[in-house]
Amino acid sequence: MPLTVTLDQALVRLCSRPMSDRFILGITGPPAVGKSTVAERLLAWARAENVRATVVPMDGFHLAQSVLQARGDAEVKGAPQTFDASGYAAVLRRLRDQRVGDHTVWTPFFDRSIENAIAGSIGVSPSDHLVITEGNYLLLDDGPWRAARACVDECWYLELSDAVRLQRLAQRHEDFGRSPQEAAERAAGSDEANAQLVAAARQNADLIVTVD
C-alpha cells in the first residue's frame with residue numbers, strides 16, 4: 001500500500017527532489033477533492049523556489065459538448081469515456097520526451113463557463129522543469145489511461161472526507177447554474193459513480209495525501 005502523508009509532508013518530499021531535468025507529477029482523486037487547488041499551491045511553491053513549472057489539467061481533454069450530446073453522454077460528462085484519453089496520453093508522452101531546444105508543447109484548457117475545452121491554451125516550455133498534471137483517472141489501469149500513467153514520474157492520490165467533498169461538489173454545480181436539487185442529484189449520481197471508480201484505483205498511487 002502507498003504511504004499516507006499530509007500535504008505538507010508531500011511538499012517536503014517534492015522539495016527534496018532535484019529539478020534539473022523534467023519531472024512530471026500527477027495529482028489525482030475523486031471529483032471536488034481539491035486537485036486544482038493543490039496543483040495551484042504547488043505552482044506557487046515552485047515559483048517561490050525559482051523552479052519553472054506548469055500545470056496541465058486533464059479536463060482540457062474533455063470531448064466537445066456537441067460530441068457528448070450526439071453520443072448521448074452529456075448527462076455523464078466527467079466519466080472516463082467523455083475524455084480523449086489517447087490524446088491526453090500522447091501529450092504527456094510529448095512532455096516526457098521534450099528536450100531543451102524543442103518547440104513549446106501547447107495543451108488545451110477546459111473553460112467551465114462555456115463547458116468546452118479551448119485548444120492551444122497552455123504552453124509548456126522545454127525549460128519547465130516541473131509539469132503538474134491533475135485529473136480523475138490517472139491511476140486507472142486501462143488502455144490509454146495506463147499509457148498516461150506511464151508518463152508520470154510520481155502520482156499523488158488526494159483524500160478528503162466524503163461529506164466535505166460532496167458538499168463542495170454540489171456547491172460547484174450550483175455555482176455553474178444548476179438548482180440546489182439538480183446539484184445534489186448530480187453530485188450523488190454520475191459524479192459519485194466516477195468517484196467510486198477513482199477510489200478503486202487509489203492503491204496504484206505513489207502517495208496518499210490527506211487534504212482538508
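The largest nonpolar core of this predicted model has 28 residues, and those with the most contacts inside it are Tyr-88, Leu-92, Leu-95, Tyr-137, Leu-138 and Trp-145. At least two residues of this core are supplied by each of helix H4 (85-97), helix H5 (143-150) and strand S7 (154-159), and the largest share, six residues, comes from H4. In soluble globular proteins, nonpolar side chains tend to be buried together.

One of the residues with the most contacts inside the core, Leu-95, can be followed beyond its own stretch of chain: when its neighbours within four places in sequence are left aside, Leu-95 is in contact with Arg-22, Ile-24, Val-56, Val-105, Val-124 and Val-131. Apart from the largest core lies another one, of 27 residues, which includes Met-19, Phe-23, Val-33 and Leu-43.

Two loop residues deserve a separate look for their backbone angles. Ala-32 has a positive phi although it is not a glycine, and Glu-115, likewise a residue other than glycine, also has a positive value of phi. The table sets out their values and places.

| Residue | Phi | Relative accessible area | Loop |
|---|---|---|---|
| Ala-32 | about 70 degrees | 6% | between strand S2 (23-28) and helix H2 (35-48) |
| Glu-115 | near 55 degrees | 29% | between strand S4 (105-111) and strand S5 (116-124) |

Buried or exposed, how does Ala-32 count? Because its relative accessibility is 6%, Ala-32 counts as buried, the cut-off being under 20%. Glu-115, with a relative accessible area of 29%, is partly exposed, since this class lies between the 20% limit and the 50% limit.

Note on methods: Residues are numbered from 1 along each chain as its sequence is written. This is a predicted model: local features need pLDDT of at least 70, side-chain atom pairs count only at pLDDT 80 or more; totals for chains, interfaces and linings use all residues. Side-chain values use heavy atoms; hydrogens and water are left out. A nonpolar core is a set of buried Ala, Val, Leu, Ile, Met, Phe, Trp, Tyr and Cys residues joined through side-chain atoms within 4.5 Å. Buried means under 20% relative accessible area, exposed over 50%, partly exposed in between (1.4 Å probe, protein chains only). Helices (H or I, at least four residues) and strands (E, at least two) are DSSP runs, numbered from the N terminus. Contact means heavy atoms within 4.5 Å.
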